[in-house]
Amino acid sequence: MQESHSNKHLNDFDDEIDLRELFYVLLEGKWIIVSLTAFASIVGVIYSLSLPNIYESKTMLVPVNSSSGISGALGSYSGLAGLAGISLPSGGDEGNSAKAIQKISSLSFFENNILPNIYLPDLMAVKSWNSKTNIVAFDENNYDTNINTWIRDYSYPKQQIPTAQESFAVFRTKLSLSEEKKTGFITLTLKHQSPYIAKQWAELVVSEVNSYYREKDKLESEKAVSYLNQQISITNLSEIKQVLAQLLQEETKKLTLIEANQFYVFDYIDPPAVMEQKSEPKRAVICILSALIGAMLSIIIVLIRHYVFNEKAS
């Protein structure tokens, strides 16, 4: 038992010696640690300063209740109309907001609704933004502003002028959507070097998705009106005509609401704004992380240099 206590004491003593040796090894290599840490810190500072400021325009949206009048009415009267051999169109309307969230993130929406309404170099060739003059500078290796021509080098599948798919891939990195399940509120965020363009694009996305579903529902509603008028003209049963007249009245009301409602799918709770403070990059965080990484690497180098190379030499 005394022997075991003695061994434990020796092990503790060895551990103390190892820690003391480790301290002296690091102290001996202090100039390596200081030099590499300083070098990594300088690299971090230079890198962080080379990154352009990014501004984000954030807006909070609430889904608008756009249930059509005919959807509820069809459920009530489809049985009665069926007795006369009339097949009414399906009226299952679950609202457009859930579909609109997916639509905003789709290539087709970007290609048809966003791309024609933005200045492509602002997306694909932007270099920096001057806050004093509110002028966006472009990468001269990609876009020549003197002749307004794309001059970038490219290889397949890229083209001289960025395609919709390539542009969409970049746009997706600047767009983010999140939905709060309890309230149904949707937060839409767009990032850009220019806070003015970020705000403009955020407003464009909301405006275009509202317009898309307004036109879509308007077209469907006009077809329904035409269909109901046709059914009224071919039926001889007064009860069915009365039902169809009520449906036609509801659909006409819906058409009126579609035309009058600017915010058809989403309305603003908090509209986008031109932000004064940048959101990225976090330069202080980059510099601190660079210094920490440099310190860790330098300590590892000092330890490897002492324990591996010195042992081999001995």
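**Reading helix 5 and its surroundings**

Author: In helix 5 (residues 107–114), F109, F110, N113 and I114 are buried. "Buried" is under 20% relative accessible area, exposed over 50%, partly exposed in between (1.4 Å probe, protein chains only). Helices (H or I, at least four residues) and strands (E, at least two) are DSSP runs, numbered from the N terminus.

Reader: Why do those residues sit on the same side of helix 5?

Author: Because they span an arc of only 105° around the axis; the arc is that of the directions from the helix axis to the C-beta atoms. These buried residues pack against helix 4 (97–104), helix 6 (120–124), helix 7 (164–174) and helix 8 (195–234), where contact means heavy atoms within 4.5 Å.

Reader: What about confidence?

Author: This is a predicted model, where local features need pLDDT of at least 70, side-chain atom pairs count only at pLDDT 80 or more, and totals for chains, interfaces and linings use all residues. Residues are numbered from 1 along each chain as its sequence is written, and side-chain values use heavy atoms, leaving out hydrogens and water. pLDDT is the predictor's confidence in each residue, from 0 to 100. Among the chain's elements, helix 5 has the highest mean, 95, and helix 3 (residues 69–83) the lowest, 50. Where pLDDT is low, don't read the predicted coordinates in detail.

Reader: Is T187 in strand 7 (residues 186–192) buried or exposed?

Author: T187 counts as buried, because its relative accessibility is 18%. Leaving out residues up to four places away in sequence, T187 touches K58, T59, M60, S176, L177 and S178.

Reader: How does I300 in helix 10 count?

Author: As partly exposed, because I300 has 45% relative accessibility.
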